[in-house]
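Colleague: Please give me a close look at a single part of this model. Pick one helix, then show me what lies around it.

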Amino acid sequence: MHSSHRRRTASVQTSQARLGILLLLPAMLLLAGLTLYPVLYGVWLSLHHKHSFFPQQSWAGLENYWFLLADPEFSESVWRGVVYSVSTITLQIIIGVGAALALNQYFPGRSLVRGIVLFPYVIPTVVAVILWKWLLNNQFGLINYGMVMLGLTDEPINWMGRTYIMTSLILISVWQFFPFVVLAVLARLQTIPTELYEAARVDGAGPLSRFLYVTLPQLASVLFIVVLLRTIWMFTKFDTVWLMTQGGGAEKYIRTLPVYAYLRAFHYYEAGTGAAASVVMFLLLVVFAAVYFMMFRREEQL
Amino acid sequence: MQRIESVRQLALSVTCAILFAGTVAGAAVAQTKVVRVWHTETDPASVKAVAEIVERFEKAHPDIKIEAEALAWGDLEPKIQAALAAGAPPELSHGQPITCTALQQQGLLLPLDDVVKAIGESNVWDQIKQVCRADGKYYGLVHAAGTSLLIYRADWAKQKGLKAPKTWSDLIANAKALTMDTNGDGKPDVYGLTIPGDNLFINILVGELIAANGGQLFDDKNKPLFIDKRMIEVLNFWKELTTALPPGWEGHGYLDTFASMYGQKAAMMFQGYGRGASLIEKYVPKEMQDTDHFDVWMKPVGPSGNKPAVQVDEEPWMLLKGSKNPEAAKEFLKFFYKDENYIEYIKSVPIHFFPITKSLRQSAAYKEIPMVKRWGGWLEVQQEALDGDLAKPTLVVKYEDLNTKPYLMQVLGSGIIRDMVLETVVEGKKPEEAAAKAQARAEALIKKAGYAKW
């Protein structure tokens, strides 16, 4: 009786497990089809000479990777990507944390201001970039007009020309993405126990000390994730960068790694080299993430 | 156990329902032939004209559905690539003449001879017949042609007593004379010239300038000629022009240069087109919407050249092999080119779209288009360039280049020529140095693509 019950239970469990696998299968196939297959196809493509339009392809081994190593355009684009990522992330964190601290204080109209601060993050990238391009236009733009009127500059600044286009790109990107930092940090700030601040006050800590020794350590876990995610997203950022010039002359001066990979695949028609550049970008991020985790993961609070 | 059985029954019912719905929908779709049409005329008037032609066609052919999509130039080629890679190309698409030839040489296009026959081969302008043609077959059929134009402010030129520039030196002199400080603050607020900084337009311009300077971009063995004296002259000319160009011109797109022109910030536009007339009629004050204020000159000749050169914007329709309904697509094109339909399309940007059919161009209906009457001078300059064989597609110096240099598409996309110009003009490098770098890059690209014969 006992053994027959056990057999029945085992049979039910097996049947349930099969059903479970069956129900999971569509999601797993979808993931494999949409994530795993493109990644593996990209790696496979990077090992071939392949014209983007034409069907012919031939085995290249590591040739595409050697080509990248020797290509000054590639190394320049990696460097520009690093400049762009580090600058935008640093500014996003500083402005985002500052704004979150301000929005954590009570003041009349706080809810409205919180909503407005999120505005840049919710508008579509294409709209944001077009808007900024017109504002920064050196012949008709409002920003130059205002700066000249206020006497801040004698003549309009060429924000979209060689000298300032990277600065413009960084400012637009910071404007567009700092609300993400605000969201994450503000959520964490609202959960810090007020007792910690009261205790610090009793111990004679001023605002700066309270920020450095209470707020900042409490934010560490959130900032850890924010920096990681923003690094991945900014280093692989394509739309904002591309839309700034859409292949225009000054594109040369803001050509980051994702744009380089795109150009190789869709403008040089070298799908293999473009894929190799994407694989390198992926590997660079893996290395960064590994180092980042090794450096900060040991911190107890993370 | 009972619950598992219920779930099984539910899953079975849902699957049957999906299969049934799919079969019914599939049967409905099978009755209609869908023709996908990708074109690059994103002007709202052109989009509307295409939509109206499609509507009339579908009424006349209830078994065919046309899915027309207007795409920006930058989006078109990646989309064609993706479609070809997926094995699901559209039936019809616009493309650059050099793209059309490259696809044809790879056997990816179907001939459009039936369409040409329906239009009447003798009814098509000879200049048009040179685009994307191989082995006597038409693999591309131009939707409409329009040449680049040197647009200038006729009222300002008259005030300054300037005449049409015959040489590059004349053009530089005119541009300097038209760079003006109108508000007396000691700085120019009107620049003599405006040029787009886009990759495409820099390539177009270099192609034009080298032809106007009696040179070529590549020799018969496909070796780039970027370090040739004539190219160095082109780069030096461009460098001299910058004294009359607005600062930051390299960041200006094609439409920005039009904005400079009708926004009265520039006096000449080197890379203008007939669509400028439509923009002028849209954006400048009514009393200035005429050729007394905005007119065109034939482009000047370089120091080593003997005749002007312009680019002709003449993207062909391409019929892609592997698409599902090529025969239905041909029917659509035959309908599109019928005078009564084609004129609607031409009317959408009439000074930029030269009809490819003689019957339409010589018809009273075409000549009576109000804009054609108002901007006749602009059309005459284009006609002169087309008739005089001065107009060639992007990067093409001789029409044979289309068939003998299939790598032009890659050269254009690579930005090598754009970088050479920017390094000289914006970064201040010596023309010889920038040209040598571009030469090495272009040689590497052509070798890699397998076309080097030197």
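Modeller: What follows starts at one helix and works outwards.

First, the ground rules. This is a predicted model: local features need pLDDT of at least 70, side-chain atom pairs count only at pLDDT 80 or more, and totals for chains, interfaces and linings use all residues. Residues are numbered from 1 along each chain as its sequence is written, while chains are lettered from A and ligands numbered from 1 in the order in which they are written.

The helix is H10(B). Helices (H or I, at least four residues) and strands (E, at least two) are DSSP runs, numbered from the N terminus. H10(B) is mostly covered: 8 of its 9 residues are buried. Buried means 20 or more other C-beta atoms within 10 Å of a residue's own; exposed means 12 or fewer, and partly exposed is in between, with C-beta atoms placed from the backbone. The buried residues of H10(B) are Tyr254(B), Asp256(B), Thr257(B), Phe258(B), Ala259(B), Ser260(B), Met261(B) and Tyr262(B). They pack against strand S9 (149–153), H8, strand S10 (268–272) and helix H11 (275–283) of chain B. After H10(B) comes Gln264(B), with a positive phi near 60°.

H10(B) also has a part in the meeting of the two chains. That contact takes 34 residues from chain B and 27 residues from chain A. On the side of chain B that touches chain A, at least two residues each come from helix H1 (2–30), helix H3 (73–85), helix H8 (199–212), helix H10 (254–262), helix H19 (408–414) and helix H20 (416–425) of chain B. H3(B) gives the most to that side, with 5 residues. By class, the side has 13 nonpolar, 14 polar and 7 charged residues. Ala, Val, Leu, Ile, Met, Phe, Trp, Tyr, Cys and Pro count as nonpolar, Asp, Glu, Lys and Arg as charged, and the others, Gly among them, as polar. Two residues are in contact if their C-beta atoms, placed from the backbone, lie within 7 Å.

H8(B), one of the packing partners, leads to the core. The largest nonpolar core has 174 residues. Such a core is a set of buried Ala, Val, Leu, Ile, Met, Phe, Trp, Tyr and Cys residues joined through C-beta atoms within 7 Å. The residues with the most contacts inside the largest core are Ala277(A), Ile151(B), Leu193(B), Met268(B), Leu333(B), Val411(B) and Val421(B). H8(B) gives the largest share of this core, 10 residues. Apart from it lies another core of 13 residues, among them Val181(A), Leu186(A), Leu219(A) and Val222(A). Leaving aside neighbours within four places in sequence, Ala277(A) is in contact with Leu68(A), Phe74(A), Leu257(A), Tyr260(A), Ala261(A) and Arg264(A).

Now step back to chain B. Its domain assignment (an automatic or database one) gives domain 1 (31–145 + 314–374) and domain 2 (147–311 + 391–449). Their C-alpha centres lie 28 Å apart. Each domain puts 18 residues into the contact between them. H4(B) gives the most to the side of domain 1 that touches domain 2, with 6 residues. That side has 10 nonpolar, 6 polar and 2 charged residues.

Chain B also holds an open, mixed sheet of 3 strands, in the order S8-S12-S14. Strand S8 (146–147) and strand S14 (391–392) of chain B are the edges, each pairing on one side only. Strands pair if DSSP finds at least two bridges between them. S8(B) runs antiparallel to S12(B), and 2 bridges join them. Thr147(B) stands opposite Val312(B) in S12(B).

Last, the two chains as wholes. Chain B has 21 helices and 14 strands. Its radius of gyration is 25 Å, close to the 22 Å that the globule rule gives for 454 residues, so chain B is as compact as a globular protein of that length. This radius is taken over C-alpha atoms; the rule is 2.2 Å times the number of residues to the power 0.38. Of the 454 residues, 50% count as buried.

Chain A has 12 helices and 2 strands. A compact globule of 302 residues would have a radius of gyration near 19 Å, but chain A has 26 Å. Of its 302 residues, 32% count as buried.
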